[in-house]
Amino acid sequence: SDPEYFLWFVIYVVVVLVISNLALKLRSKVEMLRQSESRSTTLYALSRDLVTVHTVEETLATLVQHITQIFPCEMAIFLPADDEPKVMAKTVNFSINPNVLGVASWVLLNKQSAGQGTGTLPEAKALFIPMMTTDHMLGVVGLLFEKPKQVITPENQVILETIARLGAMAIERIQSQ
């Protein structure tokens, strides 16, 4: 009969929608896990590589290589010289101008992240993260993302801060030798 057929049809549609929704969520979770595993592997490789570097220049090159593998971006690393940030490593398309140097200088002085995705100097086009160990401020990493809102998530912020800290620890180890 028509009412019974209609009832079965509605049940079928609801089941298909529920299963489709669950499959979509599962696909999304699998992709997130894949990305997380990939980043964990890359962080491990970065840690391993930073232990073997012997110069600050090697450290900076290693950081640039690994960061751009994890996050497609343009970037620069600034180290202090006479209390001013000096560009010591960068990708080709990261432009250095007075505004960039101003934000990097602010981060060096205040030991806090600033720029894109933060509450401090959010109009800056790049995100600037301090390179700190427990005791010392050693530099600043500037990162310019094509789609910052998609990249600068809380999880990625933690990863970027971890990378900056690993780089700072490697530099401190080299400078203390």
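Student: Over how many bridges do β1 and β2 pair?
Tutor: This is a predicted model, where local features need pLDDT of at least 70, side-chain atom pairs count only at pLDDT 80 or more, and totals for chains, interfaces and linings use all residues. Residues are numbered from 1 along each chain as its sequence is written, and side-chain values use heavy atoms, leaving out hydrogens and water. Two strands pair if DSSP finds at least two bridges between them. For β1 and β2, in the antiparallel sense, the count is six bridges.

Student: Which residue stands opposite Ala76?
Tutor: Look across to β2, which covers residues 84-90. The partner of Ala76 in β2 is Lys90.

Student: In the hairpin of β1 and β2, which residue takes a positive phi?
Tutor: Two residues sit between the strands of this hairpin. The phi value is near 55 degrees, and the residue is Asp82.

Student: What is the order of the five strands in the open sheet?
Tutor: Strands (E, at least two residues) and helices (H or I, at least four) are DSSP runs, numbered from the N terminus. The pairing in this open sheet is antiparallel. The order is β2-β1-β5-β4-β3.

Student: Why is one side of β2 and of β3 left without a neighbour in the sheet?
Tutor: β2 (84-90) and β3 (114-115) stand at the edges. One side of each lacks a neighbour because each has a single partner strand.

Student: Which residue stands opposite Gly115?
Tutor: β3 pairs with β4 (residues 127-132) in the antiparallel sense, over two bridges. Gly115 faces a residue of β4, Leu127.

Student: What angle does helix α2 make with β1?
Tutor: Helix α2 (residues 56-70) packs on the sheet and touches β1 (74-81), β2, β4 and β5 (137-144). Contact means heavy atoms within 4.5 Å. Axes are lines fitted to C-alpha atoms, for helices over the stretch in contact, with angles from 0 to 180 degrees between N-to-C directions. Between α2 and β1 the angle is about 155 degrees.

Student: And what angle does helix α5 make with β4?
Tutor: Helix α5 (residues 154-175) also packs on the sheet, touching β1, β4 and β5. Its direction and that of β4 make about 40 degrees.

Student: How far apart are the C-alpha atoms of Glu172 and Leu138?
Tutor: Glu172 is in helix α5. Not counting residues up to four places away in sequence, Glu172 touches Thr133, His136 and Leu138. Glu172 and Leu138 are 34 residues apart along the chain, yet their C-alpha atoms are separated by 7.7 Å.

Student: With which residue does Arg34 form a salt bridge?
Tutor: A salt bridge puts a side-chain nitrogen of Lys or Arg within 4 Å of a carboxyl oxygen of Asp or Glu. The whole structure holds two. Arg34 and its partner both lie in helix α1, three residues apart, about one turn. The closest N and O atoms are 2.6 Å apart, and the partner is Glu31.

Student: What distance separates the closest N and O atoms in the salt bridge of Asp49 with Arg48?
Tutor: Asp49 has 22% relative accessible area, and Arg48 has 45%. Both are partly exposed, because that class lies between buried (under 20%) and exposed (over 50%), with a 1.4 Å probe and protein chains only. The closest N and O atoms of Asp49 and Arg48 are 3.5 Å apart.

Student: Is Tyr5 buried or exposed?
Tutor: Tyr5 lies in helix α1 (residues 2-52). Its relative accessible area is 59%, so Tyr5 is exposed.
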